[in-house]
Amino acid sequence: QVQLVESGGGLVQAGDSLRLSCAASERIFSAYTMGWFRQAPGKEREFVAAILISWIGIKGYPTTYADSVKGRFTISRDNAKNTVYLQMNSLKPEDTAVYYCGAVPGSTNYQSPEKYTYWGQGTQVTVSS
């Protein structure tokens, strides 16, 4: 059973930055797209960003973002460390949520949380105004 462990959350002020980490217990990046989701109280889990498995003929790993975080958040991965990161800059109070890391097979369905096979326990991010 693959385990995902998030870290890096905390309480920050608007405009600050945080970097979340998601460490996988096994090497799965070659077969799984890694995604970040967030869930605020009383709301559904929403897609934030994903880094897809490598495509033939394409250098690097494709990334995709929710419109609400595009230009502020950056997802990346370190294959040697089995770790995915979410760099969050220019944080806003509306970014406050529990952030979850997940793994979904292949390169499709990455915006659908019900398609994900593995999830981490979540890390709280609170942005004060």
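In this predicted model, the side chain of Tyr-65 places a polar atom 2.9 Å from the backbone nitrogen of Ile-75. Tyr-65 belongs to strand 6, and with a relative accessibility of 17% it counts as buried, since that value is under 20%. The points below begin with the surroundings of this tyrosine and then turn to an open sheet, a buried glutamate, the salt bridges and two loop residues with positive phi.

**Tyr-65 and its surroundings**

- Leaving aside residues up to four places away in sequence, Tyr-65 touches Phe-47, Val-48 and Ala-49, and it also touches Lys-70, Phe-73, Thr-74 and Ile-75.
- Ile-75 therefore appears twice in the picture of this buried tyrosine, once as a residue that Tyr-65 touches and once through its backbone nitrogen, which lies 2.9 Å from a polar atom of the tyrosine side chain.
- Lys-81 stands 16 residues from Tyr-65 in sequence, and the C-alpha atoms of the two residues are 23 Å apart in space.

**The open sheet**

- An open sheet is formed by 4 strands in the order 1-3-8-7, and the pairing between them is antiparallel.
- The edges of this sheet are taken by strand 1, residues 4-7, and strand 7, residues 73-78; each has a single partner strand, so one side of each is left without a neighbour in the sheet.
- From one strand to the next, the twist averages 15 degrees.
- Strand 7 is joined by 6 bridges to strand 8, which covers residues 83-88, and the two strands run antiparallel.
- One residue pair can be picked out here, because Ser-76 has Tyr-85 in strand 8 as its bridge partner.

**Glu-6, a buried glutamate in strand 1**

- Glu-6 is located in strand 1, which is one of the two edge strands of the sheet.
- Glu-6 is buried but has no salt bridge, and the nearest side chain of opposite charge, that of Arg-45, is 7.2 Å away; a salt bridge would need a nitrogen and a carboxyl oxygen within 4 Å, so this pair does not qualify.
- Which backbone nitrogen lies 2.7 Å from a polar atom of the side chain of Glu-6? That nitrogen belongs to Cys-101, while the backbone nitrogen of Gly-122 is reached by the side chain of Glu-6 at 2.8 Å.
- Not counting residues up to four places away in sequence, the residues that Glu-6 touches include Ser-21, Cys-22 and Trp-36, together with Tyr-99, Tyr-100 and Cys-101.
- The contacts of Glu-6 also include Gly-120, Gln-121, Gly-122 and Thr-123.

**Salt bridges**

- The structure holds 4 salt bridges, among them one between Lys-70 and Asp-67, whose closest N and O atoms are 3.1 Å apart.
- Asp-67 is exposed, with a relative accessible area of 66%, whereas Lys-70 is one of the residues that Tyr-65 touches.
- Arg-38 and Glu-46 form another salt bridge, in which the closest N and O atoms are 2.6 Å apart; Arg-38 is buried, with a relative accessible area of 5%, and Glu-46 counts as partly exposed at 35% relative accessibility.
- The side chains of Asp-95 and Arg-72 also meet in a salt bridge, at 2.8 Å from N to O.
- This pair links distant parts of the chain, for Asp-95 is in the loop between strand 8 and strand 9 and Arg-72 is in the loop between strand 6 and strand 7, 23 residues apart.
- Asp-95 is buried, with a relative accessible area of 0%, and Arg-72 is likewise buried, with a relative accessible area of 10%.
- Salt bridges that share partners join Arg-38, Glu-46, Arg-72 and Asp-95 into one network.

**Loop residues with positive phi**

- Most residues other than glycine have a negative phi.
- Asn-82 has a positive phi, near 50 degrees, although it is not a glycine, and it is placed in the loop between strand 7 and strand 8.
- Ser-90, which is not a glycine either, has a positive phi of about 50 degrees and lies in the loop between strand 8 and strand 9, the latter covering residues 97-105.
- Are these loop residues buried or exposed? Asn-82 is buried, with a relative accessible area of 13%, whereas Ser-90 is partly exposed, with a relative accessible area of 41%.

Key:
Residues are numbered from 1 along each chain as its sequence is written. This is a predicted model: local features need pLDDT of at least 70, side-chain atom pairs count only at pLDDT 80 or more; totals for chains, interfaces and linings use all residues. Side-chain values use heavy atoms; hydrogens and water are left out. Axes are lines fitted to C-alpha atoms, for helices over the stretch in contact, and angles run from 0 to 180 degrees between N-to-C directions. Buried means under 20% relative accessible area, exposed over 50%, partly exposed in between (1.4 Å probe, protein chains only). Lys and Arg count as positive and Asp and Glu as negative; His and the chain ends are not counted. A polar contact is a pair of N or O atoms within 3.5 Å; within protein, one must be able to donate a hydrogen and the other to accept it, and residues adjacent in sequence count only if both atoms are side-chain atoms. Contact means heavy atoms within 4.5 Å.
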